[in-house]
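Please open the structure in your viewer and keep the selection panel at hand. The tour below proceeds one selection at a time.

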2 protein chains.
Amino acid sequence: MNDEEDLLAANAAYYEAFRTAKFAEMCRIWAEDGVSCVHPGWPALVGRDAVIESYRKILANPNPEWIDPHDAHVLVSGDEGRVLCIEIVAGTLALAATNWFRRVGGRWRMVHHHASPIAAAMVEETAPRGRLN
Amino acid sequence: MNDEEDLLAANAAYYEAFRTAKFAEMCRIWAEDGVSCVHPGWPALVGRDAVIESYRKILANPNPEWIDPHDAHVLVSGDEGRVLCIEIVAGTLALAATNWFRRVGGRWRMVHHHASPIAAAMVEETAPRGRLN
């Protein structure tokens, strides 16, 4: 696989870990060092301990949200790669996500996630261009 | 200056360009290649043309918002650096911002910006820890 395919696979693995609430897999997806995360509506969490703890709590939810990534754009620069996508949560709510990966030991690992709600007007504007379907 | 100071200066320059509505300066702050941006409530813009055009429109606003960055955290890895901060817009609204820079030709240039509203409950929770003051 090339970098772009690898990054899309890493991105899909992130959402799969979410969907299946696999905390150990989520820990494996995140890099060991230099990580940060902005969950929707939250200020930034900086450092692996804070980030991993947030996922431990989120994945412990007995009724997890179904999150589906759409419309992925991949940008690669050396050992840095990011996937920008739209998360459809529970089939309706649209979030814009930045998923940033770093190649560490030959494997793309997440170093930053930032997700934020897309305003309804923007969703309607983007939908006809096929962003959400 | 060390990398951390340089990145804080680059971050400050971004908000200064906003505050003074200097479009040419904003163009200089952004890298030439591999850029993307998620404005609050928007889906991702990918590519310099789309990103720069969005700032042209935003900075053309005759009544620009006063945006003040607070509580900056800097993470550096080689030629990649990011500043995570809280933007206080017009003195009240709090946004979480990811400002990602890449060292190009010895200068840190912005390659990604993602800003999103912080829920009021989170602002109240973070305020006593000194994040907003």
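Begin in chain B with strands E3 and E4 (residues 80-89), which run antiparallel and are joined by nine bridges. Helices (H or I, at least four residues) and strands (E, at least two) are DSSP runs, numbered from the N terminus; two strands pair if DSSP finds at least two bridges between them. Select B:Pro69 and then B:Glu87 in E4(B), its bridge partner.

This is a predicted model, in which local features need pLDDT of at least 70 and side-chain atom pairs count only at pLDDT 80 or more, while totals for chains, interfaces and linings use all residues. Residues are numbered from 1 along each chain as its sequence is written, chains are lettered from A and ligands numbered from 1 in the order in which they are written, and side-chain values use heavy atoms, with hydrogens and water left out.

**The sheet of chain B**

Widen the selection to the six strands of the open sheet in chain B, ordered E2-E1-E6-E5-E4-E3 with mixed pairing. At the edges are strand E2 (45-46) and strand E3 (67-77) of chain B, each pairing on one side only. Next, select helix H1 (residues 3-19) of chain B, which lies across E3, E4, strand E5 (93-104) and strand E6 (107-117) of that chain. The helix runs at about 145° to E3(B); axes are lines fitted to C-alpha atoms, for helices over the stretch in contact, and angles run from 0 to 180 degrees between N-to-C directions.

**The sheet of chain A**

Move to chain A, where six strands form an open sheet in the order E2-E1-E6-E5-E4-E3, again with mixed pairing. Select E5(A) and E6(A), which pair in the antiparallel sense over 10 bridges. Within this pairing, A:Ala96 stands opposite A:Ser116 in E6(A). Helix H1 (residues 3-19) of chain A packs on the sheet and touches E3, E4, E5 and E6 of chain A.

**A salt bridge within chain A**

Which residue forms a salt bridge with A:Glu32? Select A:Arg109: the closest N and O atoms are 3.2 Å apart. A salt bridge is a side-chain nitrogen of Lys or Arg within 4 Å of a carboxyl oxygen of Asp or Glu. A:Glu32 is in the loop between helix H2 (23-29) and E1 of chain A, whereas A:Arg109 is in strand E6, 77 residues apart.

**Where the chains meet**

Finally, display both chains: 32 residues of chain A are in contact (heavy atoms within 4.5 Å) with 32 residues of chain B. Between chain A and chain B, the count is zero salt bridges. On the side of chain A that touches chain B, E6(A) gives the most, with six residues.
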